[in-house]
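Open the model in your viewer and keep the selection panel at hand. This tour goes stop by stop: what to select, and what is there.

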Amino acid sequence: MASQPDLVFIYNAESGLLNKLKDAVHKTFSPSTYPCKLCDVTYSPVHMRGQWRRFVNTLPINVEFSYIDLIEAAHPDAQLAYPSAVLRQAGKLEPFISQEEMNRPDTIDELIDLVNRKLSERAIL
């Protein structure tokens with residue numbers, strides 16, 4: 001029996017403290033041009049929103065969060081657009097939530113519904 005995959009949410013952002021600070025400023029002062037809908041919906045300017053944190057902690061799958069630079073360094077051949085989510089198993093990435101799908105939700109509830117629907121389609125829930 002194969003092990004269960006990890007669900008990896010990938011922000012449309014780069015890792016690192018300086019990048020996080022720049023993102024917080026951008027999100028605060030120019031939210032209409034902020035390029036990461038996943039960040040926008042799930043984070044306040046400084047921390048993950050409690051409702052989102054509680055939701056991901058209850059999922060029956062390991063959930064991780066990553067950034068463009070980390071994913072592309074680990075998987076240079078991956079053809080992904082960001083923000084998005086992938087299933088990672090045995091070192092391979094499989095698209096799970098596309099950039100187009102990830103950019104639709106305007107609220108945490110809408111994003112939770114999307115994640116639950118996608119997990120249910122894969123018989124993970």
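**Stop 1: the largest pocket**

Start with the largest pocket, which holds about 330 Å³ of space. Here a pocket is found on a 1 Å grid over the protein atoms alone, as an open set of points where a 1.4 Å probe fits, with protein on both sides within 12 Å along at least five of seven lines. Its volume is the space filled by probe spheres set on the points, which are joined across faces, edges and corners.

Before you go on, note that this is a predicted model: local features need pLDDT of at least 70, side-chain atom pairs count only at pLDDT 80 or more, and totals for chains, interfaces and linings use all residues. Residues are numbered from 1 along each chain as its sequence is written, and side-chain values use heavy atoms, with hydrogens and water left out.

Now select Lys20, Asp23, Tyr43, Pro45 and Tyr67. Of the 16 residues that line the largest pocket, these lie nearest its centre. A lining residue has an atom within 4 Å of a point. Two elements give two or more residues to this lining: helix 1 (17–29) and strand 2 (63–67). Helices (H or I, at least four residues) and strands (E, at least two) are DSSP runs, numbered from the N terminus. Helix 1 gives the largest share, six residues.

Colour the lining by residue type. You get 12 nonpolar, one polar and three charged residues. Nonpolar covers Ala, Val, Leu, Ile, Met, Phe, Trp, Tyr, Cys and Pro; charged covers Asp, Glu, Lys and Arg; the others, Gly among them, are polar.

**Stop 2: Ser44 and Asp40**

Select Ser44, in the loop between helix 2 (37–42) and helix 3 (50–58). Is Ser44 buried or exposed? Its relative accessibility is 12%, so Ser44 counts as buried. The cut-offs are under 20% relative accessible area for buried and over 50% for exposed, with partly exposed in between (1.4 Å probe, protein chains only). Leaving aside neighbours within four places in sequence, Ser44 is in contact with Lys27 and Arg49. Contact means heavy atoms within 4.5 Å.

Next, pick Asp40 in helix 2. Asp40 is partly exposed, at 31% relative accessible area. Not counting residues up to four places away in sequence, Asp40 touches Lys27, Tyr34 and Arg49. Draw a line from its C-alpha atom to that of Pro60: the two residues are 20 apart along the chain, and the atoms are separated by 24 Å.

**Stop 3: helix 3**

Show the side chains of helix 3. Trp52, Phe55 and Val56 are buried there. Look down the helix axis: the buried residues fall within an arc of 90°, so they line one face of the helix. The arc is that of the directions from the helix axis to the C-beta atoms. Turn to the other side of helix 3 and you meet Arg54, Asn57 and Thr58, which are exposed. What do the buried residues of helix 3 pack against? Their partners are strand 1 (6–11), helix 2, strand 2 and helix 6 (108–121).

**Stop 4: the aromatic rings**

How many aromatic pairs are there? The count comes to six. Rings of Phe, Tyr and Trp (its six-membered ring) pair if their centres lie within 6.5 Å; planes under 30 degrees apart are stacked, over 60 edge-to-face, and the rest tilted.

Select Tyr11 and Tyr67. Their ring centres are 5.2 Å apart and their planes at 45°, so the pair is tilted. Tyr11 lies in strand 1 and Tyr67 in strand 2, so the pair ties together parts that are 56 residues apart in sequence. Both residues are buried.

Move to Trp52 and Phe55, another tilted pair: 5.5 Å centre to centre, 35° between the planes. Being three residues apart in helix 3, Trp52 and Phe55 are separated by about one helical turn.

Now select Phe9, Tyr11, Tyr43, Trp52, Phe55, Phe65 and Tyr67 together. They form one aromatic cluster.

**Stop 5: backbone details**

Go to Tyr82 and Pro83, joined by a cis peptide bond with omega of about -5°. Pro83 sits in the loop between helix 4 (68–74) and strand 3 (84–89).

Step on to Ala90, in the loop between strand 3 and strand 4 (92–97). Its phi is near 50°, a positive value in a residue other than glycine. Ala90 is exposed, with a relative accessible area of 77%.

Finish at Ala123, in the segment after helix 6. Ala123 is not a glycine, yet has a positive phi of about 60°. Ala123 is exposed, at 64% relative accessible area.
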